Amino acid sequence: MKGISYRGNHICFGRYALQALEPAWITSRQIEAGRRAMTRTYAVVEKSGPHLNVADNSGARELMCIRIIGTSNRRYANIGDVIVAVIKEAVPNMPLERSEVIRAVIVRTCKELKRDNGMIIRYDDNAAVIVDQEGNPKGTRIFGAIVRELRQLNFTKIVSLAPEVL
């Protein structure tokens, strides 16, 4: 299927534009590629995509999200979501090993968190805390600041271990 461009030889998706040799030769494949390019800029924690840092001392250093718990096919996870992840990098001589599948709670995201009072919180990295089936953290220390919304989501143990709560 070919789409017809209404702006000369370009078809636009926000900031992105596709250029064709002739206006009538923009295909549906190019349209889908432009839509995918737009969604890439909004990455929070993408399922089966970017890696997350680990914000505790459980032994893992880097995770990759493979599933978001509680949803069927959601693509992005926000702060407070429980995910299934695989360990991509681990500290040697620790109980957690590389390629182990675990559960984790997202505690920091690069995508901003907007509160009702107008405050916006944005972090420099995506980070998670490894938890067990009951939601208790496997590590004994949490590194970095976390948001207080985790207390409302019944992750009080994580909030109590954190050095700073925003």
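This is a short walk through one chain, from its overall make-up to a central strand pairing and then to two buried polar side chains. What you have in front of you is a predicted model, so please hear every value I quote as computed from that model.

Let me start with the chain as a whole. Its secondary structure comes to 3 helices and 13 strands, and of its 166 residues 37% are buried. If we take the contacts between residues at least 6 apart in sequence, 45% of them join residues at least 24 apart. The exposed surface of the chain is about 10,100 Å², and carbon and sulfur atoms supply 49% of that area.

Now to the strand I would like you to look at, which is β8, residues 101-108. Of its 8 residues, 6 are buried, and therefore β8 is largely enclosed by the rest of the structure. Which strands does β8 pair with? One is β7, residues 82-90, which pairs with β8 in the antiparallel sense over 5 bridges, and within that pairing Ala-85 stands opposite Ile-102 of β8. Another is β11, which also runs antiparallel to β8 and is joined to it by 5 bridges; here Val-105 has Val-129, in β11, as its bridge partner.

From strand β11 we can step to the loop between β10 and β11, where Asn-126 is found, β11 itself covering residues 127-131. Is Asn-126 buried or exposed? With buried meaning under 20% relative accessible area, Asn-126 is buried, because its value is 12%. The side chain of this asparagine reaches the backbone nitrogen of Cys-110 at 2.8 Å.

The second polar residue is Arg-115, which lies in the loop between β9, residues 113-114, and β10, residues 120-121. Why does Arg-115 count as buried? Its relative accessibility is 10%, and so by that cut-off Arg-115 falls among the buried residues. A polar atom of the Arg-115 side chain lies 2.8 Å from the backbone oxygen of Leu-166. Leaving aside residues up to four places away in sequence, Arg-115 touches Leu-166 as well as Ile-121, Val-147, Arg-148 and Glu-149.

To bring this together, when you turn the model on your own screen, I would suggest looking at β8 with β7 paired to it and β11 joined to it, then at Asn-126 with its side chain reaching Cys-110, and finally at Arg-115 with its side chain by the backbone oxygen of Leu-166.

Methods:
Residues are numbered from 1 along each chain as its sequence is written. This is a predicted model: local features need pLDDT of at least 70, side-chain atom pairs count only at pLDDT 80 or more; totals for chains, interfaces and linings use all residues. Side-chain values use heavy atoms; hydrogens and water are left out. Helices (H or I, at least four residues) and strands (E, at least two) are DSSP runs, numbered from the N terminus. Buried means under 20% relative accessible area, exposed over 50%, partly exposed in between (1.4 Å probe, protein chains only). Contact means heavy atoms within 4.5 Å. Accessible areas come from the Shrake-Rupley method with a 1.4 Å probe; for residues, only the protein chains shown count as cover. A polar contact is a pair of N or O atoms within 3.5 Å; within protein, one must be able to donate a hydrogen and the other to accept it, and residues adjacent in sequence count only if both atoms are side-chain atoms. Two strands pair if DSSP finds at least two bridges between them.
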